[in-house]
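Please open the structure in your viewer and keep the selection tool at hand. This tour goes from one selection to the next and says what can be found at each.

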Amino acid sequence: MTGYIRWKDRDVPYEQGETLAQALNRAGISYFGTTHSGQSHSVFCGIGQCQNCLVILEGTGPCEACRTLCQDGLSVSPVAGAP
Amino acid sequence: MTDHRNLVVGAGPAGLSAAAALARAGQQVIVVDQSPQIGGAVYAQNRTGDTRPLSHAKERRALFDVVAAQRDRIEIHCSTSFVGLDYQGNALITGVGGFLFQPKAVIMATGARELVQPRPGWTLPGVTNFGALQVDLKTAGRPPEGRIAIAGSGPLLYALGAQLTRAGNAPVAILDAAHPYMHPLTTLRLPLPILREAAGYMLTLIRARVSILSGTRVLSVEEGNGALSLNTNHSGRFRTVQVDRLGLHDGLARNDYGLPQNPTFPVVAAGDCRDVLGRFAAIKDGNRAAAEILNQLGASAPGKSLPSLNTDEMVQRHLERIFGHDGHKKLNDLPAETILCRCENRTLADLKALPAADQTPRMLRLNGRFGMGACQGRFCLDWVAKLTATEMDPGRICGQRWPLRPVSIAEILNAADRSGNETQIQESAQ
């Protein structure tokens, strides 16, 4: 383990070079929230084409979990309004 | 104001070989790629610091060496997105070190898009494209956890299945909608290196006793008890397979979505972005695209004859025959509530409810809302187009786009304007 990111109210460990999506998936979190149209935010294309894995990066705004690398202290949450 | 630099979008095999070829001819090149590292999906690198060789390590090394030899003339920006060319021909680049500039020429090497046919449950968490599983495996150096099934069609099913097996998590099943074994004569016409690669994959899968079910479709996916249930059909025999993750893949298409045709400077597509022929062809096609740019710029290209893509094209046609199936003809038989557009939640029933007069590219977008969501139709328009009465070209529904991907206002504001147009605007305002 090389560090932790914050997902909602829990710490999720990540290893060097992992994306937010990889760390979340490995922690058993595949559902990242609900889209404005009621679908699940989750990894789909995995390469930044589909926008299905959008999450909110504190201080930055929406980002694709599949192409954002983990860093210590990053705080990540579902997109606004999602449960 | 035209910059002295050329822009290459995409740092996969086509983009990197194009950048190196331009640099060898004395051109300055900026390469941007939205992923954190160069290599594209096929040569994605292990990011964990693990130095064990991955698949295609030798090919990747050779390609990276060609680029490194020209490092004085090539700037590479990863985690950086190309947002599009505006009406003045300015390229907006966002992300790490984003900026706005007018390139001398553009090479689009954005690779392929995966095609995944819609079916009930394809939007559930845990259901992904192949690309997601493959990039995970390559960049994390280990396979995704849990029981994995891979389904769809094409040679990549077997490549990914073998790669997962070698990495220590063999798939529970490979569900192939086609009957690839029924084309032995076509298979034998494939070039030896391809047959050897295929044989290697098959040997790995057979040794690991991976269940390979050809002629089998995943009709729908359901979620329950923390697992995914795949409802499959093999010539009328129905079976349910329980897994944790499902990778879907129904082929590849050019990722040339909404690209502008700008007449003021050369814009050339290369590699899978021009024609999906795979990584070997992409390297050759990058060189071809660079030569085309140099020719259009009136610059002299190093006098080397370009390798032909005839064999790559032939291989592709053979593979299409071997892995061909009629899945796309069954789109009409999907349950009416099947989601076609994942972003805007638009179903087959929504499409069928549109009056005939609304079956035009414009009305499919305006009234149908197809292609209007965050993915801009990359994952629905192929199927929407096939379902229209005239089976129209999906590119016509998409049209040209700016931006080519969602972009925040902050990202636009953070992009330094080096186009020289800012001054013009201020002057004309005075």
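The stops below cover sheets, a helix, nonpolar cores and aromatic rings. Keep in mind throughout that this is a predicted model.

**A hairpin and its sheet**

Begin by selecting residues 216–224 of chain B, which form strand β13, together with residues 227–234 of chain B, which form strand β14; the two pair in the antiparallel sense over eight bridges. Within this pairing, pick out S220(B), whose bridge partner in β14(B) is N231(B). Two residues lie between the strands of this hairpin, and N225(B) takes a positive phi near 55° there.

Now widen the selection to the open sheet of three strands, which has the order β13-β14-β15 in chain B and antiparallel pairing. Strands β13 and β15 (237–243) of chain B stand at the edges with a single partner strand each, so one side of each has no neighbour in the sheet. From one strand to the next, the twist averages 25°.

**From L230(B) into the core**

Which residues have the most contacts inside the largest nonpolar core? They are L230(B), L246(B) and V384(B), in a core of 44 residues. The element that gives the most to this core is helix α11 (residues 381–387) of chain B, with five residues. Apart from this core lies another, of 28 residues, including L16(B), A18(B), A21(B) and L294(B). In soluble globular proteins, nonpolar side chains tend to be buried together.

Centre the view on L230(B) and, leaving aside its neighbours within four places in sequence, display its contacts, among them A149(B), L175(B), V218(B), V221(B), V241(B) and L246(B). S220(B), already selected in the hairpin, is also in contact with L230(B), as are R239(B) and T240(B).

**An enclosed helix**

Next select helix α4 (residues 156–166) of chain B, where nine of the eleven residues are buried, so the helix is largely enclosed by the rest of the structure. The buried residues include L157(B), Y158(B), L160(B), Q163(B) and T165(B). To see what they pack against, add α3 (130–140), β10 (148–152), β11 (173–176), α6 (192–207), β12 (211–214) and β16 (245–249) of chain B. After α4(B) comes G168(B), whose phi is positive, near 105°.

**A second sheet, and the ring of F99(B)**

Turn now to an open sheet of four strands in chain B, with the order β4-β5-β6-β21 and mixed pairing. Strands β4 (80–85) and β21 (416–417) of chain B stand at its edges, each with a single partner strand, so one side of each is left without a neighbour in the sheet. Strand β6 (residues 99–101) of chain B pairs with β21(B) in the parallel sense over two bridges, and F99(B) stands opposite A416(B) in β21(B).

Stay with F99(B) and show the side chains around it. A search of the whole structure finds five aromatic pairs over all chains. In one of them, the rings of F99(B) and F101(B) have their centres 4.9 Å apart and their planes at 40°, so the pair is tilted. F99(B) is buried, with a relative accessible area of 2%, and F101(B) is also buried, with a value of 0%. Over the ring of F99(B) sits the charged end of R418(B), 4.3 Å from the ring centre.

**A cluster of rings**

For the last stop, select F44(A), W122(B) and F379(B), which ring pairs link into a cluster. Adding R342(B) shows its charged end over the ring of W122(B), 4.8 Å from the centre of that ring.

Technical notes: Residues numbered from 1 in each chain as written. Chains lettered and ligands numbered in written order. Predicted model: local features only at pLDDT ≥ 70, side-chain atom pairs only at ≥ 80, totals over all residues. Heavy atoms only, no water. Phe/Tyr/Trp six-rings, centres within 6.5 Å; stacked < 30°, edge-to-face > 60°. Buried < 20%, exposed > 50% of the residue type's maximum accessible area, 1.4 Å probe, protein only. Lys NZ or Arg CZ within 6 Å of the ring centre and 35° of its normal. Pairing = 2+ DSSP bridges. Core = buried A, V, L, I, M, F, W, Y, C linked by side-chain atoms within 4.5 Å. Contact = heavy atoms within 4.5 Å. Axes fitted to C-alpha atoms, helices over the stretch in contact; angles between N-to-C directions.
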